[in-house]
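The following exercises concern strand pairing, the arrangement of the sheet and the surroundings of a ligand. Please work through each task before reading its solution.

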Amino acid sequence: MGAEEDRGKKDHSEKKGVKKQEEEQEELHKLGEMRERLIRGLEIHGTEKKVLKAMLRVPRHIFVPEYAKRGAYIDTPLDIGFGQTISAPHMVAIMCDLLELSEGLKVLEIGAGSGYNAAVMGELVGRSGHVYTVERIEPLVNFARENLKKAGYENVTVLLEDGSVGYSRCAPYDRIVVTCAAPDIPEPLLEQLKPGGIMVIPVGEYVQELIRIKKDNEGNIHKEKRGGVVFVPLIGKYGF
Ligand code: SAM
């Protein structure tokens, strides 16, 4: 092969590489615009500004399977395989709002799924805080870990465990959130919540109610009902 022909081939593949990069940039720009539109739409729920800001920073398209990417910025739950879903953005917003998350808090999530909700909470607790998220389906543990790594979250740890018993090794927690519906509030989760802490959990089988629990400084439990919801079931020792 002559030097001239060689250079021609090199130029061609460089041009192809630049074109691909431009297309990827354009795609990212479009996804960013769709994300902004979605988050602006969530303002009607009266969600706190800092939660919306956190959601603006998390690229939800990284947390959905390839075939569902186009739907990443529609306010709907999406299939992530194994009969499980990534929750709808408005539900993530509502739960994060109820949790009153702030910098430095230690959070336990039951039901990592895609890792998206954990990433939003990771934004809200910042580098001085930490999110432990527990998942019982191993391929989803790997999926969540990969997604969180791609999106650059180092303050979130994904664990393969039955989360219905909590995660006693790192207890107590400032906040606990359960992203699957429990038959009742699991006792170990109440025990692993710090005095002054908040837990949010959907309870019920067919008709589920979102419950917010506050543990006061004396350890007393206060529950409030926050409306009807639909979640996949919590499976495990304290689950279905
Ligand atoms: N938070 C997730 C996200 O952002 O993608 C969505 C969670 S999905 C609605 C509920 C998850 O809870 C499922 O992935 C399911 O496998 C998990 N799950 C159910 N029972 C569990 C248990 N005992 N321990 C841990 N995870 C559980």
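**Exercise 1: The pairing of S3**

Val 107 has Arg 175 in S6 as its bridge partner. The model is predicted, so local features need pLDDT of at least 70 and side-chain atom pairs count only at pLDDT 80 or more, while totals for chains, interfaces and linings use all residues. Residues are numbered from 1 along each chain as its sequence is written.

Task. Determine in which sense S3 pairs with S6 and with S4, and whether S3 is enclosed or open.

Solution. Strands are DSSP runs (E, at least two residues) and helices are runs of H or I with at least four, numbered from the N terminus; two strands pair if DSSP finds at least two bridges between them.
- Step 1: S3 and strand S6 (residues 173-178) are joined by four bridges in the parallel sense.
- Step 2: S3 pairs with S4 over five bridges, again in the parallel sense, and Ile 110 lies opposite Val 134 in S4.
- Step 3: A residue is buried if 20 or more other C-beta atoms, placed from the backbone, lie within 10 Å of its own. Four of the five residues of S3 (residues 106-110) are buried, so the strand is largely enclosed by the rest of the structure.

**Exercise 2: The sheet and its edges**

Task. Establish the order of the strands in the sheet and identify which strands stand at the edges.

Solution.
- Step 1: The open sheet has seven strands in the order S5-S4-S3-S6-S7-S8-S9, with mixed pairing.
- Step 2: The edges are strand S5 (156-160) and strand S9 (221-229); each has a single partner strand, so one side of each lacks a neighbour in the sheet.
- Step 3: From one strand to the next, the twist averages 15°.
- Step 4: At the S5 edge, S4 and S5 run parallel and are joined by five bridges, with Thr 133 opposite Val 158 in S5.

**Exercise 3: The ligand shell**

Task. State how many residues surround the ligand and which elements supply at least two of them.

Solution.
- Step 1: A residue belongs to the shell if its C-beta atom, placed from the backbone, lies within 6 Å of the ligand. The shell has 26 residues, and among the closest are Gly 111 and Asn 117.
- Step 2: Strand S2 (84-86), helix H4 (116-125) and strand S4 (130-135) each supply at least two residues; S2 gives the largest share, three residues.
- Step 3: H4 also lies across S3, S4 and S5.

Note on methods. A residue is buried if 20 or more other C-beta atoms lie within 10 Å of its own, exposed if 12 or fewer, and partly exposed in between; C-beta atoms are placed from the backbone. Axes are lines fitted to C-alpha atoms, for helices over the stretch in contact, and angles run from 0 to 180 degrees between N-to-C directions. Two residues are in contact if their C-beta atoms, placed from the backbone, lie within 7 Å.
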